[in-house]
Every structure is written in C-alpha cells, then in structure tokens.
Amino acid sequence: MPKRLIPRPTVMSEIKNYLVITFGLMVYSLAWNFFMSPYKFVVGGITGIGAIVQYTTEVPMQYTYFLINVVLIIIAIWQLGLKFCIKTIYAIITLTLFLEFTQYLFSIYPNAYEILGPDKKLESCIAGSIFTGMGIALCFINNGSTGGVDIIAAIINKYKDVSFGRAMLYVDICIITSSFFIIPSNDIAMSLQKVFYGYISLVIVNVSLDYIVNSNLQTVQFFIFSSKYDEIGYYITRHLKRGVTLLDSVGYYSGKEGKVVTTLARASQSNQLFSAIKQIDPNALISQSKVMAVYGNGFDKIKAKSKKVKYDENEPKEIERKNNAE
C-alpha cells in the first residue's frame with residue numbers, strides 16, 4: 001500500500017480563503033473611497049449604480065449596493081449553488097461595512113485622496129481602477145464574489161465561453177453610459193469627461209481582473225520520473241484531487257523498467273506538489289510545462305455551441321478495407 005500522507009485540514013484552507021477575500025474587499029473599499037469617489041467617478045457594477053444614486057440623492061452608496069445585492073443573491077443561490085453564495089453573502093456584508101468604515105475615515109481625513117497630489121484625476125482613476133480589479137480578483141480566485149455584477153458575470157461564465165472581465169464589461173458599459181443622462185449637470189463637457197474617465201476605469205479594472213484570475217487558472221502538465229510513483233500518485237489523487245496516468249518507461253542506458261507519473265493541475269497547485277514530491281522522493285526527476293487549455297472533468301467546461309457533425313459510421317470500415325487491399 002502507498003504511504004498515506006496527512007492531508008491539510010480543509011478548515012484551514014477555508015479560513016485562508018476568507019482571509020484573502022476580506023483583504024480583497026478592504027482593497028476594493030479603499031480604492032473606491034480614496035481614489036474614485038472624491039472625483040465623483042462613475043464605475044461599473046452595483047457600486048456604480050450606488051454612486052449614481054449617491055451623487056444625485058446623497059444617499060450613501062453602500063445602502064443601494066446592499067439592497068440590490070439582496071435580490072441578486074437569491075438568483076445566485078439558484079444558479080451557482082449555496083457554496084458560492086455563502087462566501088458571496090459574507091463578501092456583500094463585509095464590503096458594505098468596509099465602505100461605511102472607509103467613508104468614515106475619509107470624513108476624518110478629507111484630503112486623503114490627494115495622496116498622489118492635488119487635482120490628479122487621471123492618476124487617481126488609474127490607481128483606483130488597478131486596486132479595484134485586484135480586490136475583485138482576490139475574491140474570485142478564492143471562490144468568492146463582491147456581489148452585484150460579479151454574480152451576473154459568474155453566471156454568464158458558467159454557461160458561455162466568456163471571461164469574467166468580458167462578461168462584466170458588457171453590463172458595466174450600460175451603467176457608466178447611463179450616468180451621462182441621470183446625473184444632472186449644466187456643463188456637458190464635464191459630464192462627458194466623467195463618462196470618459198468611467199470608460200478608462202472600466203478597461204483597467206477588467207484587464208487587471210482577467211490578468212490575475214487567468215494567471216491563477218493557468219494549467220500545467222507534469223511528468224514525474226520516480227521509483228516511488230505509487231506514493232506520488234496517491235498524493236496527487238487524494239490531496240490535489242487530480243487524475244493521474246502511469247506510463248511505462250525503460251531507461252535507455254540502465255535498461256531498468258519503471259513508471260512515469262503524468263498529471264494535469266492548476267499552476268497554483270505547483271508549489272504544493274513540489275513540496276510533497278520533495279518529501280516523498282528528493283531524487284525524483286520532474287518536468288513541468290504549460291498547456292494552452294484543458295477541458296473536461298475538474299477543469300474548464302466545453303462551452304461551445306453543439307453542432308451536428310457529419311459522420312459516416314461505415315467510413316472507418318471502408319478505409320480499413322482499402323488498407324487491407326493494398
């Protein structure tokens with residue numbers, strides 16, 4: 001029997017996820033209240049809708065954000081499952097509190113947004129957008145969400161071959177554009193400028209979001225040459241929850257027969273696998289390479305539209321007859 005290694009407690013893994021989600025939400029709220037809100041930028045998402053309400057009625061955006069998400073979370077439970085929604089509910093409540101707290105901090109230090117210098121609209125837009133995308137990405141890669149349009153994007157991504165960033169882009173364009181017609185202003189140029197900054201923010205947020213999320217979901221392939229292939233294979237299947245294939249091998253010089261462990265895993269699991277192999281067999285030879293995409297059980301779903309392919313069942317038999325005749 002292979003040696004059974006002690007698995008990491010799932011409780012600790014969940015605690016780590018919640019801590020990272022909390023940090024991401026803190027980054028998001030700071031980015032909004034210290035970089036975006038002082039210049040009255042309108043960004044995408046439910047926070048964008050909340051911002052429009054705040055600029056026109058002076059109702060704090062976090063209240064609008066919370067109320068809209070109550071409706072969306074019901075849809076999320078139906079479409080994405082309770083496990084996704086537990087972290088989403090936690091994120092919605094936590095972000096609402098963080099937005100309230102950071103607004104309080106801003107009331108104490110009203111000039112805090114000038115950390116980049118006075119009247120730095122473009123710089124604040126860029127910095128705030130990068131941190132906003134980072135905060136959302138930290139939630140997504142830990143199986144959470146900041147709610148709002150993130151829920152809609154996650155639902156679209158579940159059924160269609162559309163990235164999180166692109167799915168959010170379609171909805172956010174409508175929200176930002178609507179601010180030109182909803183927020184009253186006597187200066188049309190100023191209103192157009194705010195919409196322009198909103199588009200800049202939208203692009204930067206989605207680029208940074210896609211970059212962080214996709215880099216974390218990068219798939220890698222391993223070829224592991226070791227005499228302790230049983231132990232390594234057992235660890236991969238039981239701890240990493242990945243499939244393993246054993247290939248027969250023969251050493252050219254030594255003539256010894258053996259097995260090669262091959263598996264596909266996420267790039268984020270690489271360090272865990274390397275640490276385990278080092279404990280099991282420090283002399284193992286490991287080959288790691290990136291793969292463009294992997295579809296199937298445990299990886300990405302095939303989201304292409306099904307099309308009927310013309311296939312003649314007798315064709316392989318005809319080919320075999322021709323080969324035999326030759």
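1. Salt bridges. In this predicted model, the structure holds 1 salt bridge, and the partners are Lys 259 and Asp 248, whose closest N and O atoms lie 2.4 Å apart. Lys 259 belongs to strand β3 (residues 257-266) and Asp 248 to strand β2 (residues 244-250), so the pair ties together parts that are 11 residues apart in sequence.

2. Exposure of the two partners. The two ends of the bridge fall into separate accessibility classes: Lys 259 is partly exposed, with a relative accessible area of 28%, whereas Asp 248 is exposed, its relative accessible area being 63%. Neither residue counts as buried, because that class is kept for values under 20%.

3. The nonpolar surface patch. Elsewhere in the predicted model, a nonpolar patch of about 800 Å² on the surface is made by Phe 66, Leu 67, Val 70, Ile 77, Leu 82, Ile 86, Ile 89, Ile 93 and Leu 97.

4. Which helices supply the patch? Helices α3 (61-80) and α4 (82-108) each contribute at least two of the patch residues, and the largest share, 5 residues, comes from α4.

5. Phe 66 as an example. Among the residues that make the patch is Phe 66, which is placed in helix α3 and is partly exposed, with a relative accessible area of 34%. That value is compatible with membership of the patch, because patches are made of residues with over 30% relative accessible area.

Definitions and conventions:
Residues are numbered from 1 along each chain as its sequence is written. This is a predicted model: local features need pLDDT of at least 70, side-chain atom pairs count only at pLDDT 80 or more; totals for chains, interfaces and linings use all residues. Side-chain values use heavy atoms; hydrogens and water are left out. A salt bridge is a side-chain nitrogen of Lys or Arg within 4 Å of a carboxyl oxygen of Asp or Glu. Helices (H or I, at least four residues) and strands (E, at least two) are DSSP runs, numbered from the N terminus. Buried means under 20% relative accessible area, exposed over 50%, partly exposed in between (1.4 Å probe, protein chains only). Patches are made of residues with over 30% relative accessible area and no salt bridge: like charges are joined within 9 Å, nonpolar side chains (Val, Leu, Ile, Met, Phe, Trp, Tyr) within 5 Å. Accessible areas come from the Shrake-Rupley method with a 1.4 Å probe; for residues, only the protein chains shown count as cover.
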